[in-house]
Amino acid sequence: MRFPIRKITIHPEAAGSSVARTVVEKCPGVPVVTAARPSVDPGDEGHSKDTVFITPRKGRLLKRCPGTSSYVCCGYRVLNLVTGCPLDCTYCILQLYLNQPCLVVHADWEDALRELDELIAKHPGRVVRLGTGELADSLALEPLTDMARELVPRVLRRPEAVLELKTKTTFVESLLDIDPRGRVILSWSVNAEEVVRADEKGAPPLTARLRAAAEGRRAGYRIGLHFDPLVRFPGWERSYSRAVEAIYDHLREGDIAWISLGSLRYPPALDAIIRRRFPGSHLPLGELVPGLDGKLRYFRPLREEMYRRVYRDIRRRDRHAEVYLCMESPEVWRSSLGRSPGSTAGLARCLDAAAIAE
Amino acid sequence: MKRAAVPLSRVAWRNRRFSFSRGGGLEELTASIEKVGLLDPPELLNKGGRYIVIRGARRLQALRRLGRKHVEAQIFGEDEISPFQAWSRNFHENRAFRNLNPAEGCTALRQLADLGLSPQKIVSGYFPLLGLPRREGGFEAYLSVAHLPDTMLDLLADGAITLGTAVYLATLGESERRSAFRFLKKASLSVGRQREWARLVADISVRDETSVPALLASVSRAARRRHGQFGASALQVLRERRFPSLAARRRAFQRLLRRLRLPPGFQVTTHPFFEKGELHVRFSASGEKEYGEALVRLERLGREDSFQLLMEPGKRPPRK
Ligand code: SF4
């Protein structure tokens, strides 16, 4: 199973790359063009999701997670091997960030490992947590590219590195025969079924994701879960309680390295895009107000209420998983979880410890 | 084409196939025709003895105002000019002298569509000339604006409502549109505020599954109970309904402030959306003595329960 691809464009400089060969091999019958630009109609937003463009990278591939100083961030490093996503979530920030109207695969992605080595050399003895899910879903193109399968063993050769692959898909098959040695975390973005159905177009239902997580766990991977974005809708309390129940129907306490909670938030410019592309969506109708970083987010007491409630549900089932808030201030941490890591560095230390805890 | 005197009673006033002029007072034009006469004869299309205006709709209206019975005009037969040529004559003449207002732009767009031009051709070839901003779904939105009743198009032409508001009004059903329009006229909101109004009304009615007339009726009732200008009060009521928790928190904050009875010259503010549990206290003092006294007051203030509550925006402050 994979998302449908209707066109492949390969940049002349990427023509001989192994990823280009793999993609072409895995898409028999799909037209392949060699060109310096992908031929898609930039106005046709839907079409871009079935066009792959394989190209050499522009700029660095390994970056800091773009958190803002106003809120506590997880201190993650992001590897941008792919940009764009075949799924179509209403709230997806990529609608705003990406100017390449298709799925872009960076052919020379292995250069990122050199950047990783430089980083490790600069901070000897430190854990480096990295992930590929910032400008893409980490596994959505895996059935086409095998990139995660190629990446995992290479990362494992570097004892300081911990890799998190974040996805909404069930595409874990290519990874199941690799021994992750406790240093690869397969993570799922999870949500209430109502949100999955209404606002995560193309993504599998929650239970399918959790079945894939259980499979990953059986293969030795540690699991991360991200309740992000938490969305308010009539009955959200019970729906999120049910989602937490579903998690522990599939996974046991101790299987989960961390669970993050993040509420719906997006830059104001995305509001118009959501209203235009998803005219029936209720997301923009929430009580969203500008936060300290200028992004729209639920009015603070409403966010705190959601965090408290979901945290309570999680703690009833699991006393061990590291639960953290994504992009929140120490004040919100304290009033929601009763504690605060104080800063990005503090949270990064907690997550580093959780990453190597098994 | 021939020149002839045509009775004004034979002009098909309602037929706006080619003319789109709207807005701007007719007074100046009427006065000038009265003084110096009609310098540039209008152009009409003879359709079986009825005359459709090609160019000069405003001049014809001015003549009618002056009580004239006839007009000296250039007359085209149906076999002399195609509908598109007729439209182009009027359009390019207008464009040579001025920019179209949004009501005219939308009407001209509708005329092009009626003439059979494809939406793609209109968007790529005419949008900038029509003075319409490019936007997603713009073609359909502007087309629906062109079908708004004349009264609304006149307001759009005169800048009393914005193109965005007109687009919003065009999305409503007949009765919703009428009530929205009545409300807008009564509220006489500035152009900038209409945008906010339209967004608030649209969001609340969808979120609460309320019809626009029902929502506006209840907002009107609430606004009338408040002091001040109706439009400003109504907008405030809408904001509070759209952001009820924030509004409740702001009211509570004000209540606490009142309870604190701040000394004269003291001002306490916080983050406008209570995102930070931070208070900003400002006071003024002239001279060392006054400054010292203010600090003592500030210290006393800091010990009050109400003051502590102001710093914890997540907590529900107690009602007295
Ligand atoms: S899965 Fe992630 S990257 Fe893909 S559309 Fe959804 S939010 Fe965007």
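## Pocket, ligand and cavity in chain A

The lining of the second largest pocket divides by class into 23 nonpolar, 11 polar and 11 charged residues. The model is predicted. This pocket holds about 1100 Å³ of space. Its lining counts 45 residues, and A:Ile93, A:Gly133, A:Glu134, A:Asp228 and A:Arg265 are the closest to the centre. Several elements give two or more residues to this lining. The helix among them is H2 (94-97) of chain A. The strands are S7 (88-89), S10, S11 (184-190), S13 (222-230), S14 (256-263) and S15 (265-266), also of chain A.

The ligand takes up space in this second largest pocket. Which residues are around the ligand? They are A:Cys85, A:Leu87, A:Asp88, A:Cys89, A:Tyr91, A:Cys92, A:Leu94, A:Asp137 and A:Lys168. By class, the shell has 6 nonpolar and 3 charged residues, with no polar ones. A:Asp88, A:Asp137 and A:Lys168 belong to this shell, and Asp and Lys count as charged.

The model also has 1 cavity of 30 Å³ or more. The largest cavity encloses about 130 Å³. Its lining has 14 residues, with A:Val82, A:Thr132, A:Asp137, A:Ser138 and A:Met147 the closest to the centre. Helices H4 (142-145) and H5 (147-156) of chain A each give two or more residues to the lining. H5(A) supplies the largest share, 3 residues. A:Asp137 appears both around the ligand and among the cavity residues closest to the centre.

The residue classes are set out below.

| Set of residues | Nonpolar | Polar | Charged |
|---|---|---|---|
| Lining of the second largest pocket | 23 residues | 11 residues | 11 residues |
| Shell around the ligand | 6 residues | no residues | 3 residues |
| Lining of the largest cavity | 9 residues | 3 residues | 2 residues |

Strand S9 (residues 128-131) of chain A is next. Are its faces covered or open, and which residues are on them? Both faces are covered. A:Val128 and A:Leu130 are buried on one side, and A:Arg129 and A:Gly131 are buried on the other.

S9(A) has parallel pairings with two strands. Strand S5 (residues 77-79) of chain A pairs with S9(A) over 2 bridges in the parallel sense. In S9(A), A:Gly131 stands opposite A:Val78. Strand S10 (residues 161-167) of chain A pairs with S9(A) over 4 bridges, again in the parallel sense. Here A:Arg129 stands opposite A:Val162 of S10(A). S10 of chain A also gives two or more residues to the lining of the second largest pocket.

Note on methods: Residues are numbered from 1 along each chain as its sequence is written. Chains are lettered from A and ligands numbered from 1 in the order in which they are written. This is a predicted model: local features need pLDDT of at least 70, side-chain atom pairs count only at pLDDT 80 or more; totals for chains, interfaces and linings use all residues. Side-chain values use heavy atoms; hydrogens and water are left out. A residue is near a molecule or strand if one of its heavy atoms lies within 4 Å of it. On a 1 Å grid over the protein atoms alone, a cavity is a set of points where a 1.4 Å probe fits but cannot get out, and a pocket is an open set with protein on both sides within 12 Å along at least five of seven lines; lining residues have an atom within 4 Å of a point. A molecule sits in a cavity or pocket if more than half of its atoms lie within 2 Å of its grid points. Grid points are joined across faces, edges and corners, and a volume is the space filled by probe spheres set on the points. Buried means under 20% relative accessible area, exposed over 50%, partly exposed in between (1.4 Å probe, protein chains only). Two strands pair if DSSP finds at least two bridges between them.
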